[in-house]
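I opened the notebook to record what I looked up, one topic per entry.

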Amino acid sequence: MSPSLRSLRTALRIPATEIADEAVWRQRRRLLAGLGALPALGLSGCAEAEPPPPAREPPGREEVAAGFSTDEALTREADVTSYNNFYEFGTGKADPSRAAKTLRTSPWHVEVSGECAKPGRVSFDDLLRGFLPEERVYRLRCVEGWSMVIPWLGVPLAQVLRRFEPTSKAKFVAFTTLADREQMPGLRYRSIDWPYREGLRIDEAMHPLTLLATGLYGKPLPQQNGAPLRLVVPWKYGFKSIKSIVAIRFVERMPPTAWNDLQPREYGFFANVNPAVDHPRWSQASERRISGSEGRLFADRIPTRPFNGYAEQVAGLYAGMDLRRWY
Ligand SMILES: Nc1nc2c(c(=O)[nH]1)N[C@H]1C(S)=C(S)[C@@H](COP(=O)(O)O)O[C@H]1N2
Ligand SMILES: [Mo]
């Protein structure tokens with residue numbers, strides 16, 4: 001690394017308050033892409049020890065795999081980090097950003113078990129060692145009818161899972177969120193049968209769009225967004241994107257999941273975004289994009305797209321399935 005690159009990298013550690021606006025962030029992102037590494041992943045230990053690859057031009061749009069990015073306006077960072085669903089910290093949208101500061105994200109361990117050759121309890125650093133964070137700009141569509149566009153940092157889940165060598169019996173992957181009453185005031189309420197649990201079919205988990213996110217807007221994940229690591233499955237309703245993961249289990253049968261346990265008629269296991277299948281209590285045909293423009297939280301309604309606009313990438317996973325029944 002040349003001295004000028006080093007000082008540039010140091011300079012990039014700008015205080016959060018100065019990265020509030022999208023233009024500044026986009027510029028910073030171009031610089032980071034030029035460095036060939038995004039430092040803010042909590043991978044600092046190994047990222048600093050190894051020489052980064054030579055500086056290169058940021059990838060052009062055509063080099064970014066389809067679906068990995070979008071030209072749609074980003075939801076403002078302030079809205080991404082203050083309008084949240086994280087019931088472990090309360091059911092109000094503003095509760096997590098206020099209450100989740102008590103979540104201790106370091107040290108952090110993940111227990112990997114079940115149908116795999118190399119199970120074990122690994123630290124956050126060991127889980128992600130050697131991977132460079134990638135940026136993915138994804139739409140996030142909540143089952144409640146609002147959506148955001150979020151620039152995530154993370155590692156494709158497939159790469160992480162392969163390290164544990166899942167066996168041929170691993171047909172599904174089950175994920176569990178931390179459930180600690182001391183750190184999570186929302187656990188007092190029986191809104192959900194804690195711990196929060198989610199699951200994917202193995203081919204969904206291994207799909208290149210499925211991200212194990214560790215950051216957003218070029219920085220480590222804030223607690224309210226599921227620090228230190230959470231799932232992002234952009235073609236499914238937001239509740240599948242489980243936060244603050246402490247356990248990953250390879251299993252042979254479809255695992256029970258928190259929202260499906262609570263209300264199976266309303267929240268299916270697959271939960272693929274589908275404008276043609278209404279929630280029993282509201283339409284899913286359109287959504288309100290959280291744009292934050294002109295001082296409004298919500299923009300006008302826009303049509304919801306099949307698989308949240310990722311049909312080209314993922315529809316093949318469901319060939320032969322009746323998507324009205326398997327919602
Ligand atoms: N552990 C846990 N994960 C969770 C939730 C939750 O309440 N607890 N809410 C889900 C829902 S409904 C949505 S829409 C997304 C919201 O992610 P965000 O707050 O980062 O936008 O997180 C999902 N992951
Ligand atoms: Mo959601």
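The entries below cover a ligand site, salt bridges, aromatic pairs and one hairpin.

**Entry 1: model.** I note that this is a predicted model.

**Entry 2: ligand 1.** I looked up which residues surround ligand 1. There are 17 of them, and the closest are N84, Y87, E88, S241 and K243. I then went through polar atoms at the site. For Y87 the atom is a backbone N or O, 2.8 Å from an oxygen atom of ligand 1. For E88 an N or O atom of the side chain lies 2.8 Å from a nitrogen atom of ligand 1. T177 places a polar side-chain atom 2.9 Å from a nitrogen atom of the ligand. I also checked how much of ligand 1 is covered: on its own it has 530 Å² of accessible area, and the protein covers 98% of that.

**Entry 3: salt bridges.** I counted salt bridges and got 15. I picked three to look at.

The pair of R289 and E72 has its closest N and O atoms 3.2 Å apart. R289 sits in strand β11 (residues 286-290), while E72 is in the loop between α3 (44-49) and α4 (77-80), so this pair ties together parts 217 residues apart in sequence. I asked myself whether R289 is buried or exposed. It has 11% relative accessibility; buried means under 20%, so R289 counts as buried. E72, at 23%, counts as partly exposed.

The pair of K240 and E198 has a closest N to O distance of 2.7 Å. K240 is in the loop between β9 (230-232) and β10 (245-251) and E198 is in strand β6 (residues 197-201), so the salt bridge ties together parts that are 42 residues apart in sequence. K240 is buried at 1% relative accessibility, and E198 is buried at 1% as well. I also found a network in which salt bridges that share partners join E72, R139, R141, E287 and R289.

The third pair is D126 with R129, whose side chains meet at 2.8 Å, N to O. D126 is partly exposed at 40% relative accessibility, and R129 is partly exposed at 39%.

**Entry 4: aromatic pairs.** I searched the whole structure and found 12 aromatic pairs. F86 and F89 make an edge-to-face pair, with 4.9 Å between centres and 80 degrees between planes. I checked burial for this pair, and both F86 and F89 are buried. Y138 and Y310 also pair edge-to-face, at 6.0 Å centre to centre and 80 degrees between the planes. Y138 belongs to strand β3 (residues 134-141) and Y310 to the loop between β12 (298-303) and α10 (311-314), so the pair ties together parts that are 172 residues apart in sequence. Y138 counts as buried at 0% relative accessibility, and Y310 counts as buried at 2%. I then looked for a cluster of rings: F172, F269, F270, F307, Y318 and W326 are linked by ring pairs.

**Entry 5: hairpin.** I asked how many residues the hairpin uses to join β1 to β2. It joins them through 5 residues. Strand β1 (residues 109-114) and strand β2 (residues 120-123) run antiparallel, and 4 bridges join them. As one point of register I noted V112, which stands opposite G120 in β2.

Notes. Residues are numbered from 1 along each chain as its sequence is written. Chains are lettered from A and ligands numbered from 1 in the order in which they are written. This is a predicted model: local features need pLDDT of at least 70, side-chain atom pairs count only at pLDDT 80 or more; totals for chains, interfaces and linings use all residues. Side-chain values use heavy atoms; hydrogens and water are left out. Two strands pair if DSSP finds at least two bridges between them. Helices (H or I, at least four residues) and strands (E, at least two) are DSSP runs, numbered from the N terminus. A salt bridge is a side-chain nitrogen of Lys or Arg within 4 Å of a carboxyl oxygen of Asp or Glu. Buried means under 20% relative accessible area, exposed over 50%, partly exposed in between (1.4 Å probe, protein chains only). A residue is near a molecule or strand if one of its heavy atoms lies within 4 Å of it. A polar contact is a pair of N or O atoms within 3.5 Å; within protein, one must be able to donate a hydrogen and the other to accept it, and residues adjacent in sequence count only if both atoms are side-chain atoms. Accessible areas come from the Shrake-Rupley method with a 1.4 Å probe; for residues, only the protein chains shown count as cover. Rings of Phe, Tyr and Trp (its six-membered ring) pair if their centres lie within 6.5 Å; planes under 30 degrees apart count as stacked, over 60 as edge-to-face and the rest as tilted.
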